[in-house]
Amino acid sequence: MENQVKECHPTMLEEVLDGLRKPQKKLPSKYFYDERGSQLFEQITRLDEYYPTRTEVAIMRENMPEIIRQIGRDVVLVELGSGSSEKTKLLLDHLPHVTAYIPVEISEKFLSSVVEHLRKKYPDLSINPVYTDYTRPFQVPDIEQPYDHFVVFYPGSTIGNFHPRQARQFLATISTMLEPGGGMLIGVDLKKDNEVLERAYNDKQGLTARFNKNILRHINRELDADFSLDKFRHCATYNEGKGRIEMHLVSKTDQEVTVAGEQFHFIRDESIHTENSYKYALKEFEELVSDWFTVENVWTDQHNYFSLQYLQNNIS
Ligand code: AVI
């Protein structure tokens with residue numbers, strides 16, 4: 001992978017203030033993921049209602065020989081937003097020749113304990129973690145061993161958390177980082193019955209609600225803010241026109257909140273838009289990636305809830 005040009009990026013404070021100053025208040029969903037948020041998300045992935053993770057894992061298990069063949073040998077596997085690396089373990093247990101594994105994760109505390117565990121489990125594997133926000137260009141560590149090509153593993157349909165415009169930008173960046181022969185193994189959640197979708201983001205236990213509110217707790221801690229979590233309620237609905245689940249935090253009352261000395265007024269029922277989770281038809285996704293990638297292989301489950309796709313880098 002080539003090194004990336006360094007760019008200037010807004011800080012968390014700038015992004016949060018900018019979002020809260022908008023007529024429709026917004027917060028970047030990446031700020032869900034402090035240590036507690038990452039743990040809450042891991043718990044969400046085990047919920048009955050939350051079908052994406054278990055469906056993706058089942059797709060992987062069922063199609064493993066073909067997936068392994070598609071990835072190829074002597075590969076450098078880069079995982080974006082690696083979390084607990086559970087799905088990677090499935091791959092690593094089957095891939096015959098992995099040159100190196102590079103997990104990339106924003107939550108340093110979370111990743112370092114996962115890496116410790118992986119080093120014990122795979123003592124011969126070279127593991128080079130990168131602690132960064134992978135939505136911004138980052139430098140990949142030098143790989144000393146000879147390798148054939150890079151494969152970026154991006155499971156979980158996290159691509160759905162980008163607006164399609166941003167998803168395109170992101171795919172363009174990944175494509176320029178990959179040398180010829182590189183590819184991407186990506187999870188993509190599919191369009192389906194609204195009820196199934198809404199259930200997945202409104203679990204009975206209230207874990208998704210806690211995950212959603214955790215963004216406020218994170219901002220309180222990092223940016224000297226005074227959000228009262230009890231004064232907001234979780235709301236997640238499927239916006240059919242836009243093909244996305246929208247998560248909001250709705251103010252239960254008129255209230256003032258201070259973030260880093262700046263005051264924000266909320267009227268009752270006004271919301272902060274915290275996340276989008278886009279769902280794609282297979283054709284729509286193929287179209288989305290087509291400037292940079294060719295869809296080489298698509299694996300799905302029996303209900304067509306979820307897809308795992310191998311994208312071959314077009315750029316030679
Ligand atoms: C990480 N991402 C793919 C999850 C999703 O389904 O969009 C985040 C999530 N939000 C609520 N539940 C799970």
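**Exercise 1. Ala260: accessibility and backbone**

Task: Determine how accessible Ala260 is, where Ala260 is found, and what is notable about its phi.

Solution: At a relative accessibility of 40%, Ala260 counts as partly exposed, because that class lies between the limits of 20% and 50%. The structure used here and below is a predicted model. Next, place the residue: Ala260 sits in the loop between strand 10 (255–259) and strand 11 (262–266). Last, read the backbone: phi of Ala260 is near 45°, which is positive although the residue is not glycine.

**Exercise 2. Asp74: the same steps**

Task: Describe the phi of Asp74, its location and its exposure.

Solution: Start with phi, which is positive at about 50° in Asp74, a residue other than glycine. Then locate Asp74 in the loop between helix 4 (64–71) and strand 2 (75–80). Finally, take the relative accessible area of Asp74, 34%, which makes this residue partly exposed.

**Exercise 3. The ligand and its shell**

Task: State which residues come nearest to the ligand, and which polar side-chain atoms lie 2.5 Å from a ligand oxygen.

Solution: Begin with the shell. There are 13 residues around the ligand, and Tyr50, Asn161, Tyr201, Glu275 and Ser277 come nearest. By class, the shell holds six nonpolar residues, six polar ones and one charged one. Helix 9 (207–223) and strand 12 (271–278) each contribute at least two residues to the shell.

Now take the atom pairs. A polar side-chain atom of Tyr50 is 2.5 Å from an oxygen atom of the ligand. In Tyr201, a side-chain N or O atom lies 2.5 Å from a ligand oxygen atom. For Glu275, a side-chain N or O atom is 2.7 Å from a nitrogen atom of the ligand. As for cover, the ligand taken alone exposes 340 Å², and the protein buries 98% of that.

**Exercise 4. Strand 12 and its partners**

Task: Explain why strand 12 is described as largely enclosed, and say how strand 1 and strand 9 run relative to strand 12.

Solution: First count the buried residues. Eight of the eight residues of strand 12 are buried, so the strand is largely enclosed by the rest of the structure.

Then turn to the pairing. Strand 1 (residues 25–26) runs parallel to strand 12 and is joined to it by two bridges. In this pair, Lys25 stands opposite Ile272 of strand 12. Strand 9 (residues 244–251) runs antiparallel to strand 12, with seven bridges between them. Here Glu246 stands opposite Asn276 of strand 12.

Conventions:
Residues are numbered from 1 along each chain as its sequence is written. This is a predicted model: local features need pLDDT of at least 70, side-chain atom pairs count only at pLDDT 80 or more; totals for chains, interfaces and linings use all residues. Side-chain values use heavy atoms; hydrogens and water are left out. A residue is near a molecule or strand if one of its heavy atoms lies within 4 Å of it. A polar contact is a pair of N or O atoms within 3.5 Å; within protein, one must be able to donate a hydrogen and the other to accept it, and residues adjacent in sequence count only if both atoms are side-chain atoms. Accessible areas come from the Shrake-Rupley method with a 1.4 Å probe; for residues, only the protein chains shown count as cover. Helices (H or I, at least four residues) and strands (E, at least two) are DSSP runs, numbered from the N terminus. Ala, Val, Leu, Ile, Met, Phe, Trp, Tyr, Cys and Pro count as nonpolar, Asp, Glu, Lys and Arg as charged, and the others, Gly among them, as polar. Buried means under 20% relative accessible area, exposed over 50%, partly exposed in between (1.4 Å probe, protein chains only). Two strands pair if DSSP finds at least two bridges between them.
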